[in-house]
Amino acid sequence: MDTHTETIDVGARVMANQALPEGVAQGARGLVVGQAGWIQRRWRVRFDDGPTVDAPEYALELCAGRGRFKRG
């Protein structure tokens, strides 16, 4: 069952909702820079604290928009 209200896509700001084995801590924020897998729904994410990893979609949450403009 999918609990996401919006779909993750390239260019979206996301947050890791769990620690990832590549050394990314829970709560780390980053930018989706590409798709890493089609069948497994994995995304290539460049995290603000440095690493770029292939993360499964279930381990990511969209960040709420900030500023004057809202995507949609």
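## Exercises on a five-stranded sheet

In this predicted model, Val-14 has Gly-30 of β2 as its bridge partner. Let's build up the sheet from there.

**Exercise 1.** Find out how many bridges join β1 to β2, and in which direction the two strands run.

*Solution.* Start by locating the strands: β1 covers residues 13-16 and β2 covers residues 29-37. Next, count the links between β1 and β2: there are three bridges. Finally, compare directions: β1 and β2 run antiparallel.

**Exercise 2.** Work out which residue of β3 is the bridge partner of Val-32, then describe the hairpin of β2 and β3.

*Solution.* Begin with the pair: Val-32 is partnered by Val-45 in β3. Then look at the whole pairing, where six bridges join β2 to β3 and the strands run antiparallel. Now turn to the hairpin: four residues lie between β2 and β3, and Arg-41 takes a positive phi near 55°.

**Exercise 3.** Do the same for β3 and β4: name the partner of Arg-46 and the turn residue with a positive phi.

*Solution.* First, Arg-46 has Thr-52 of β4 as its bridge partner. Second, β3 (residues 42-47) is joined to β4 by five bridges, again in an antiparallel arrangement. Third, the hairpin has four residues between its strands, and Gly-50 in the turn has a positive phi of about 130°.

**Exercise 4.** Put the strands in order and identify the edges.

*Solution.* The five strands form an open sheet, ordered β4-β3-β2-β1-β5, with antiparallel pairing. Its edge strands are β4 (52-56) and β5 (60-62), each pairing on one side only. To finish, add the twist, which averages 50° from one strand to the next.

Definitions and conventions:
Residues numbered from 1 in each chain as written. Predicted model: local features only at pLDDT ≥ 70, side-chain atom pairs only at ≥ 80, totals over all residues. Heavy atoms only, no water. Pairing = 2+ DSSP bridges. Axes fitted to C-alpha atoms, helices over the stretch in contact; angles between N-to-C directions.
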